Amino acid sequence: MQITTTFRHMEQSEALKSYAAEKLERVKKYIDEPITAQVFLTVEKIRHIAEVTLTAKGVTIKAAEETNDMYAALDAVIDKIERQLRRYKERLKEHKPSADDRALEIQKSVVTAESIEQRTEPVVIRSKTISIKPMSVEEAVMQMDLLHKDFLVFTDASTEAINVVYRRKDGNYGLIEPQRK
């Protein structure tokens with residue numbers, strides 16, 4: 001397991017680093033290697049925030065916790081990650097994912113406009129390229145839940161079309177499918 005620890009607004013502590021690594025060893029029983037973990041430890045006034053992002057075999061899981069003690073925050077965030085992985089593993093038992101290697105790269109851009117009166121062209125602020133792998137709608141919903149996102153762009157494994165699954169305001173999910181002519 002490859003672990004990257006980042007300290008924000010606090011001194012680096014080897015004790016916290018090794019504690020996080022020791023706690024992250026518990027997730028190995030839920031997911032196969034190789035696992036990449038990013039741990040962000042932040043102190044803001046009296047709040048101690050621990051954020052963890054795990055990536056393994058196309059699955060990304062994020063969690064964050066905030067307490068008055070950094071060790072307690074680490075314990076809570078690892079417990080949250082374990083619950084997510086356990087739920088993910090149970091869903092995988094019910095449903096076999098397709099073993100497709102037809103992943104696509106897409107690019108996501110964020111644009112801004114100065115003001116409505118100026119009517120200038122929007123400018124790209126940030127651009128990000130992500131890899132999307134073929135999956136079923138159920139897998140896409142599961143991945144979206146694990147990432148705590150409101151929408152997810154994916155390639156449908158059966159039709160090979162790019163689809164979007166999104167969370168509706170009523171708590172249900174919506175699916176946007178392109179129509180072929």
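**Exercise 1. Arg91 and its surroundings**

At 30% relative accessibility, Arg91 counts as partly exposed, a class lying between buried (under 20% relative accessible area) and exposed (over 50%), with a 1.4 Å probe and protein chains only. The model is predicted: local features need pLDDT of at least 70, side-chain atom pairs count only at pLDDT 80 or more, and totals for chains, interfaces and linings use all residues. Residues are numbered from 1 along each chain as its sequence is written, and side-chain values use heavy atoms, with hydrogens and water left out.

Task: State in which helix Arg91 lies and which residues it is in contact with, leaving aside neighbours within four places in sequence.

Solution.
- Step 1. Arg91 belongs to helix 2 (residues 70-94); helices (H or I, at least four residues) and strands (E, at least two) are DSSP runs, numbered from the N terminus.
- Step 2. Contact means heavy atoms within 4.5 Å. With neighbours within four places in sequence set aside, Arg91 is in contact with Met142 and Asp145.
- Step 3. Between the C-alpha atoms of Arg91 and Met142 there are 8.2 Å, while 51 residues separate the two along the chain.

**Exercise 2. Helix 3**

Task: Determine how many of the 11 residues of helix 3 are buried, and name them.

Solution.
- Step 1. Nine of the 11 residues are buried, so helix 3 is largely enclosed by the rest of the structure.
- Step 2. The buried residues are Glu139, Ala140, Val141, Met142, Gln143, Met144, Asp145, Leu146 and Leu147. Met142 and Asp145, the contacts of Arg91, are thus among the buried residues of helix 3.
- Step 3. Just after helix 3, His148 takes a positive phi of about 55°.

**Exercise 3. The largest pocket**

Task: Describe the volume of the largest pocket and the origin of its lining.

Solution.
- Step 1. On a 1 Å grid over the protein atoms alone, a pocket is an open set of points where a 1.4 Å probe fits, with protein on both sides within 12 Å along at least five of seven lines; lining residues have an atom within 4 Å of a point.
- Step 2. The volume is about 750 Å³, that is, the space filled by probe spheres set on the points, which are joined across faces, edges and corners.
- Step 3. Of the 23 lining residues, Lys128, Ile130, Ser131, Leu147 and Leu152 lie nearest the centre.
- Step 4. At least two lining residues each come from strand 3 (47-56), strand 4 (59-67), strand 5 (104-112), strand 6 (123-132), helix 3 (137-147) and strand 8 (151-156). Strand 6 supplies the largest share, five residues.
- Step 5. Domain 1 (2-95) and domain 2 (134-176) each give at least three residues to the lining; these bounds come from an automatic or database domain assignment.

**Exercise 4. Two residues with positive phi**

Task: Locate His9 and Lys45, and decide whether each is buried or exposed.

Solution.
- Step 1. Most residues other than glycine have a negative phi.
- Step 2. His9, which is not a glycine, has a positive phi of about 60°. His9 is placed in the loop between strand 1 (2-8) and helix 1, and at 66% relative accessibility it counts as exposed.
- Step 3. Lys45, also not a glycine, has a positive phi of about 55°. Lys45 lies in the loop between strand 2 (36-44) and strand 3, and counts as exposed at 84% relative accessibility.
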